[in-house]
Amino acid sequence: MPWSPSQYVKFEDERTRPARDLLAQVPLERVTHGIDLGCGPGNSTELLIERYGAKAISGLDGDENMVEAARKRLPDTQIMLADLLTWRPSEPQDLMFANAVFQWLPNHLDIFDRLMDRLAPGGVLAVQMPDNLDEPSHLLMEESAQAGPWRNAFAKPARRAALPKPSAYYDRLIGKSVRVDIWHTIYNHPMDGAPAIVEWVKSTGLRTYLDRIAAERQAEFLEDYTARIAKAYPRLGNGKVLFRFPRLFFVAVKR
């Protein structure tokens with residue numbers, strides 16, 4: 001299933017907040033060559049442009065729909081269609097920034113090792129990834145997958161691979177870095193009930209489940225999943241629910 005830029009930006013403020021928090025820890029006053037890896041519809045790229053200028057920043061994504069949306073949003077910025085599994089920059093970069101993309105690539109430690117080699121001395125690899133597979137939002141995807149007539153479609157797991165431990169990132173990055181900062185942040189997003197949480201994950205983690213279910217069964221699956229989410233995320237006094245969302249961050253400065 002192609003990525004949907006319109007679905008993704010339904011929660012743009014919440015999705016962009018981790019990018020802001022990551023950028024705040026990037027210790028570069030100037031950037032000549034910087035790129036937003038997995039730029040999506042351009043919301044994170046826009047932050048980089050605001051800080052470093054349009055001439056210094058480009059974007060890259062592997063999905064045609066996202067690239068088209070980013071080009072419309074940022075018509076004066078170079079946005080490339082490329083596969084992060086094989087992409088290499090043509091010249092050393094001062095900044096390679098990635099907001100919520102590498103969790104989809106199980107071999108991303110190898111990719112980070114390769115990207116560090118393409119940073120200029122003192123350059124920065126700054127990455128944020130959701131670390132939420134143990135949250136109800138994702139555990140309940142598995143429950144719903146096994147609960148209905150679609151269960152045969154899930155003989156093989158639909159879940160993405162769990163992130164390695166922070167120590168694995170540190171060990172892999174520190175040999176080429178003068179400093180590696182790694183941290184977790186847990187966001188608690190106020191949401192308008194279970195349907196809002198479902199709308200959020202429909203553009204990300206739930207995609208891999210819906211891809212396996214016949215179109216005529218998807219509404220039934222979503223109904224089952226939404227009911228489970230409603231039980232797991234009780235309404236608060238003002239009618240909202242809190243959507244807990246852990247994320248892993250690191251900033252590595254090239255030796």
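**A walk through the predicted model**

Helix 3, spanning residues 43-52, is mostly covered, with seven of its ten residues buried. The model is a predicted one. The buried positions in helix 3 are Asn43, Ser44, Thr45, Leu47, Leu48, Ile49 and Tyr52. An α-helix has 3.6 residues a turn, so residues three or four places apart point the same way. Just past the end of helix 3 comes Gly53, with a positive phi of about 95°.

Now the record. An unreviewed UniProt entry carries the annotation "domain: Methyltransferase" over residues 36-123. Across residues 36-123, helix accounts for 34% of the chain and strand for 25%. The end C-alpha atoms of that stretch lie 14 Å apart.

Next, a pair of helices. Helix 6 covers residues 136-145, and helix 10 covers residues 215-232. Their axes come within 9 Å and cross at roughly 140°. Helix 6 is therefore oblique to helix 10. The cut-off matters here: only angles over 145 degrees count as roughly antiparallel. The crossing of helix 6 past helix 10 is right-handed.

Which residues meet there? Helix 6 brings Pro136, Ser137, Leu140, Met141, Glu143, Ser144 and Ala145. Helix 10 answers with Phe221, Asp224, Tyr225, Arg228, Ile229 and Ala232. By class, this contact between helix 6 and helix 10 holds eight nonpolar, two polar and three charged residues.

Helix 6 turns up again around helix 8, which runs over residues 194-202. In helix 8, Ala194, Ala196, Ile197, Val198, Trp200 and Val201 are buried. What do these buried residues pack against? Among the helices, their partners are helix 2 (12-23), helix 6, helix 9 (207-210) and helix 10. They also pack against strand 6 (177-191) and strand 7 (241-254).

Strand 7 leads to the last stop, Phe249, which lies in that strand. Is Phe249 buried or exposed? Its relative accessible area is 0%, so Phe249 is buried. Setting aside neighbours within four places in sequence, Phe249 has contacts with Pro18, Asp21 and Leu22, and with Val127 and Gln128. Phe249 also touches Asp181, Ile182, Trp183, Thr185 and Tyr187. How far is Phe249 from Asn99 in sequence and in space? The two are 150 residues apart along the chain, yet 9.2 Å apart in space, C-alpha to C-alpha.

Conventions: Residues are numbered from 1 along each chain as its sequence is written. This is a predicted model: local features need pLDDT of at least 70, side-chain atom pairs count only at pLDDT 80 or more; totals for chains, interfaces and linings use all residues. Side-chain values use heavy atoms; hydrogens and water are left out. Buried means under 20% relative accessible area, exposed over 50%, partly exposed in between (1.4 Å probe, protein chains only). Helices (H or I, at least four residues) and strands (E, at least two) are DSSP runs, numbered from the N terminus. Axes are lines fitted to C-alpha atoms, for helices over the stretch in contact, and angles run from 0 to 180 degrees between N-to-C directions. Angles under 35 degrees count as roughly parallel, over 145 as roughly antiparallel, 65 to 115 as roughly perpendicular and the rest as oblique. A crossing is left-handed if the near helix is turned anticlockwise from the far one by less than a right angle, and right-handed if clockwise. Contact means heavy atoms within 4.5 Å. Ala, Val, Leu, Ile, Met, Phe, Trp, Tyr, Cys and Pro count as nonpolar, Asp, Glu, Lys and Arg as charged, and the others, Gly among them, as polar. UniProt positions are given in the numbering used here, feature names are shortened, and annotations may be inferred rather than shown by experiment.
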